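I opened this entry to keep a record of what I looked up, and in what order.

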Number of protein chains: 2
Amino acid sequence: MDIASIIADTQLFKGLPNDQIREIAGIAQKETVGRGGLIFADGESGNGFYIVAEGKIKIFKVSLEGKEQILHIFGPGEPFGEVPVFTGAMFPANAEALTKSTILFFPKSAFIRLIEQNTPLVLNMLGVLSKRLRQFTIQVEHLSLKEVPGRLAAYLLLLSEEQNGALALFLPISKGQLASLLGTIPETLSRIFAKMGEKGYISVDGREITILDFQGLEMLAEDGRL
Amino acid sequence: MDIASIIADTQLFKGLPNDQIREIAGIAQKETVGRGGLIFADGESGNGFYIVAEGKIKIFKVSLEGKEQILHIFGPGEPFGEVPVFTGAMFPANAEALTKSTILFFPKSAFIRLIEQNTPLVLNMLGVLSKRLRQFTIQVEHLSLKEVPGRLAAYLLLLSEEQNGALALFLPISKGQLASLLGTIPETLSRIFAKMGEKGYISVDGREITILDFQGLEMLAEDGRL
DNA sequence: GATATACCTTGACCTGGGTCAAATAAATAA
DNA sequence: TTATTTATTTGACCCAGGTCAAGGTATATC
């Protein structure tokens, strides 16, 4: 698959005329990373940003004790690592491939040159950043205003929504990764999955989750006591 | 003070030519809010964004049980409420004046028109959003990877840095607000202030904090055990 | 200056969820 | 398949920090 057709249906570049797309594709460099491969590290200086072409990339922080907190998991079409491009500062987190992945790298200088001539692109970029900002709002809200069962319930409802209302869900990431994404640890997540099963909210079979009590889950996500 | 001179030295509009500034000032509406006044509420649709001219505005979420989590506190020159302008979605949080404040409102339609003609403005806007994104990265990191003493230490160091290295600090917000900003409650914050005093890191007298052991605070902010 | 209204502190107590350890179960490699 | 690594679950235990309750101290209003 060539670069132009990959980027043509990303949030960031959609709606741009074909010649623009080709121009942008011209500055992108395709790269491959193996599972577990580090793409950039917290504190490194960035001279460009990325878009996922294939695979899954996690953005995360690590504490001194080695505990990890996932900030985002990005899939095909999603940009990441843009912060240094517009602030000049360092990457604020780490990026690592969760699976063997193909990514596109957009060098800062060439991209800034493009952006200076093109307003729809710029509005897309603003839209992407704003959406991400809103996601963070929700993440902070969950971390400090909800308990872990509430966060898990909210996550499952989000998954269901993404799969247009399906009740049979398949976790897109491992339970260990999910624990980190929810700001907890695998042991705790495991216990909560078990308890949500016992109480009849869901049934769990490996990565396959079936929602048995949608309304109940919604209540759990809201006021959170399991 | 007229609108043009207020906005001329904001992050967002600095560096723009004078006639541009005047044009932008033309679309802004000055408003006044009393202490405790609500500017917008979580879930409301936004048809514009704001810049603080005078006073202090807190952006926050509230849980069903009424616990509040401050996401940001913005002062003069700082924009807020921009997310709906670029996503079309609702405000993701509440905004309330902490003190009697003057704010400028920029209607969405007029602002989008401006942005479409002007690239330095657009790059400023991208810079502002990116910086805020980085702040959220840090906030999530603190909430899930640090304990409360570490967060407080990091906050005090940030304050010191903002007051170019001063060791005698004055809290810009009440301790209750600070508790919410750090993702905890006043009781816990109070105890931690007391303990940090006993251990000789700081001395506390109302809102006046003096840093006695800068290095110690840095260690506390890093690996966090008090 | 008195009275009301925040704001802050301290104590006693409890619980969500973390740590440590060990047993399975899956997944990947050989 | 078998071996080996990696992911998940379960149990026993513990502690940071939350809740509830009671004073204490500013700050504002009349």
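My notes on conventions, the DNA surface, a helix pair and the chain contact follow.

I am working from a predicted model, in which local features need pLDDT of at least 70 and side-chain atom pairs count only at pLDDT 80 or more, while totals for chains, interfaces and linings use all residues. Residues are numbered from 1 along each chain as its sequence is written, and chains are lettered from A and ligands numbered from 1 in the order in which they are written.

I began with DNA strand C, taking a residue as near if its C-beta atom, placed from the backbone, lies within 6 Å of the strand. Of the 18 residues around DNA strand C, I noted A:E147, A:T188, B:S174, B:G176 and B:S190 as those that come nearest. Helix 8 of chain B gives the most to this surface, six residues, where helices are DSSP runs (H or I, at least four residues) and strands are runs of E of at least two, numbered from the N terminus.

I then turned to helix 6 (residues 148-162) and helix 9 (residues 214-223) of chain B, which pack at about 130 degrees with their axes 7 Å apart; axes are lines fitted to C-alpha atoms over the stretch in contact, and angles run from 0 to 180 degrees between N-to-C directions. The pair is therefore oblique, the class left once angles under 35 degrees (roughly parallel), over 145 (roughly antiparallel) and 65 to 115 (roughly perpendicular) are set aside.

Last, I looked up the contact between the chains (C-beta atoms, placed from the backbone, within 7 Å), which takes 36 residues from chain B and 36 residues from chain A. Helix 5 of chain B gives the most to chain B's side, with 19 residues.

How values were computed:
Contact = placed C-beta atoms within 7 Å.
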